[in-house]
Amino acid sequence: MRNTIRQVFHSGKFVVGFSIFVTLLLIVFIYPLIITDPPLQIIGQGTFFPPGIYVSAYDSINAPTTYMLNLDDAAARRIANKLSQDDRVAMKEWLVAAGIPENQIDIADTKKLLGQWESNYDPKKQIEGMTIAKTRYYQRVNASIGGLLSTEGAIIATKNLDTGVLEATGAVKQSDYVNIGQVANVRMLPLGTDNFGRDVLSELVRAAGVSLQMGLIAGLVATLIGLALGLAAGYIGGLTDDIIMFITNLFTVIPSFVLLILISFSIGQDKRGAFTIAVVIGFTSWVWTARAVRSQVMSLRNRDHVNLSKISGHSVAHIILTDILPYVASYVVMAFILQIASGILAEAQLSILGLGPRTTEVPTLGLMMNWALIYQAQILGKWWAYLPVLVTIALITFSMNLMNTGLDQIFNPALRD
């Protein structure tokens, strides 16, 4: 046993993969101890903030210091922040597609443009040639420009401790801006924010932890099912082998990802929690493990030590657990590692299609990719919303494949140098 462990940690590929994986685990567990904000807390202003920008953790109504700008300058800045030049051009494209003559649309006239938009825009209207992503973009623009020309301020309200009723205690005018350099509660966002104004790094760390848990559950379920069926089919043989292989062939004919989509869709959005999706992934991923274990067991069942155990009168369960399982244990460990990696990838694929865990509880790596695609991060050049997710998924799967390759070189003499 000691020699085996020594050989494992002398394998360069295993050590590299193990080091990457442990580093990711440490980040997942230590980062939340440093940054205690919930991963889905909105700390920005509902737009993609680039990495490195300082964003207040509270809204401006809680800030201690404000300064007054010229009213026209303040209004111009506020409108420019919510209605960019690209948004104006996009609104014009929609209005033209909806039948408004192009010469009647002036994107420089904010009041006229907003009036035409409010009179004609219908989020349910289907425009020929418009993609789903573009439709979602117009819906986001429409939501962000509500009351854009209003000059009314935001009312500050606090709860009366005696009556429990909210009472107005002040107001923040449209021309009041926070001097962010004088706000104590700010922090640097190394990866910026997503389209909801949420810290991408906090989301990413929490999502990596959830995806790893899902991969672990899916890998455990798939490995246990595959191991049990493979041992039974390979050793008992006969009718048992025929029935198990018939079921296995059925699952082989139907692509596992298609089956995964159908099952996930049938569950329904309200019941699709992280644990449920992980179990479903595991239930659809056991086939190749079962076939591989069966092949290994069939080569072991006529060995001398197994025949001696039969002659001694040991039960089938005793023979499988003591005379066969130890010889396939190394293969099972390697299969388990690969099942974890494939479980994480399956969750990402499923979530990108909108069939992953429900979005109201915790983020996953797949859900982060889904959010980035829905809000056109790849089109708008907001790389920090999706590239760190891709790198994290790649690092996790790469480290696990390295560990698997290193173990294969240790336990498979044909691959040793």
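The following exercises, each with a worked solution, concern a predicted model of a protein chain.

## Exercise 1. Overall composition

Determine how many helices and strands the protein chain has, and what share of its residues is buried.

**Solution.**
Step 1. The secondary structure of the protein chain consists of 16 helices and six strands.
Step 2. Of the 417 residues in the chain, 39% are buried.
Step 3. The accessible surface amounts to about 22,700 Å², and carbon and sulfur atoms account for 61% of that surface.
Step 4. Contacts may also be sorted by sequence separation: among those between residues at least 6 apart in sequence, 72% join residues at least 24 apart.

## Exercise 2. The length and ends of helix 7

Test whether the end-to-end distance of helix 7 agrees with the span expected from its number of residues, and describe what is found at each end of the helix.

**Solution.**
Step 1. Helix 7 covers residues 200-236, which is 37 residues.
Step 2. The expected span is 1.5 Å times one less than the number of residues, so helix 7 should span 54 Å.
Step 3. The C-alpha atoms at its ends are 52 Å apart, in agreement with that expectation.
Step 4. At the N-terminal end, Asp199 acts as a cap, with a side-chain oxygen 3.1 Å from the backbone nitrogen of Leu201.
Step 5. After the helix comes Gly237, which has a positive phi near 65°.

## Exercise 3. The surroundings of helix 7

Decide whether helix 7 is largely enclosed or largely open, and characterise its packing against helix 11.

**Solution.**
Step 1. A residue counts as buried under 20% relative accessible area.
Step 2. Because 26 of the 37 residues of helix 7 are buried, the helix is largely enclosed by the rest of the structure.
Step 3. Two packed helices are described by the angle between their axes and the distance between the axes.
Step 4. For helix 7 and helix 11 (residues 287-298), the angle is about 35° and the axes are 7 Å apart.
Step 5. The crossing of these two helices is right-handed.
Step 6. On the side of helix 7, the residues that meet helix 11 include Thr223, Gly226, Leu227, Gly230 and Gly234. Their partners in helix 11 include Ala290, Val293, Arg294 and Val297.

## Exercise 4. A pairing of helices remote in sequence

Characterise the crossing of helix 2 and helix 16, then locate Phe14 within this pairing.

**Solution.**
Step 1. Helix 2 comprises residues 12-34 and helix 16 comprises residues 387-411.
Step 2. Their axes come within 7 Å and cross at roughly 145°, and the crossing is left-handed.
Step 3. Phe14 lies in helix 2 and is one of the residues there that meet helix 16, others including Phe18, Phe21 and Leu24. The helix 16 residues in this interface include Phe398, Met403, Thr405 and Leu407.
Step 4. With a relative accessibility of 8%, Phe14 counts as buried.
Step 5. Phe14 and Thr405 are separated by 391 residues in sequence, yet their C-alpha atoms are 7.1 Å apart.

## Exercise 5. Burial and contacts of individual residues

Classify Ser309, Leu300, Gln376, Leu387 and Ala108 as buried, partly exposed or exposed.

**Solution.**
Step 1. The cut-offs are under 20% for buried and over 50% for exposed, with partly exposed in between.
Step 2. Ser309, in helix 12 (residues 304-311), has a relative accessible area of 5% and is therefore buried. Its side chain makes a polar contact of 2.8 Å with the side chain of Asp323. Beyond four places in sequence, Ser309 touches His314, His318, Ile319 and Asp323.
Step 3. Leu300, in the loop between helix 11 and helix 12, is buried at 6%. Not counting residues up to four places away, Leu300 touches Val306, Ile324, Tyr327 and Val328. The C-alpha atoms of Leu300 and Tyr327 are 8.3 Å apart.
Step 4. Gln376 lies in the loop between helix 14 (365-374) and helix 15 (377-380) and is buried at 5%. Although it is not a glycine, Gln376 has a positive phi of about 60°.
Step 5. Leu387, in helix 16, is partly exposed at 38%.
Step 6. Ala108, in the loop between helix 4 (85-97) and helix 5 (110-120), is exposed at 64%.

Key. Residues are numbered from 1 along each chain as its sequence is written. This is a predicted model: local features need pLDDT of at least 70, side-chain atom pairs count only at pLDDT 80 or more; totals for chains, interfaces and linings use all residues. Side-chain values use heavy atoms; hydrogens and water are left out. Helices (H or I, at least four residues) and strands (E, at least two) are DSSP runs, numbered from the N terminus. Buried means under 20% relative accessible area, exposed over 50%, partly exposed in between (1.4 Å probe, protein chains only). A polar contact is a pair of N or O atoms within 3.5 Å; within protein, one must be able to donate a hydrogen and the other to accept it, and residues adjacent in sequence count only if both atoms are side-chain atoms. Contact means heavy atoms within 4.5 Å. Accessible areas come from the Shrake-Rupley method with a 1.4 Å probe; for residues, only the protein chains shown count as cover. Axes are lines fitted to C-alpha atoms, for helices over the stretch in contact, and angles run from 0 to 180 degrees between N-to-C directions. A crossing is left-handed if the near helix is turned anticlockwise from the far one by less than a right angle, and right-handed if clockwise.
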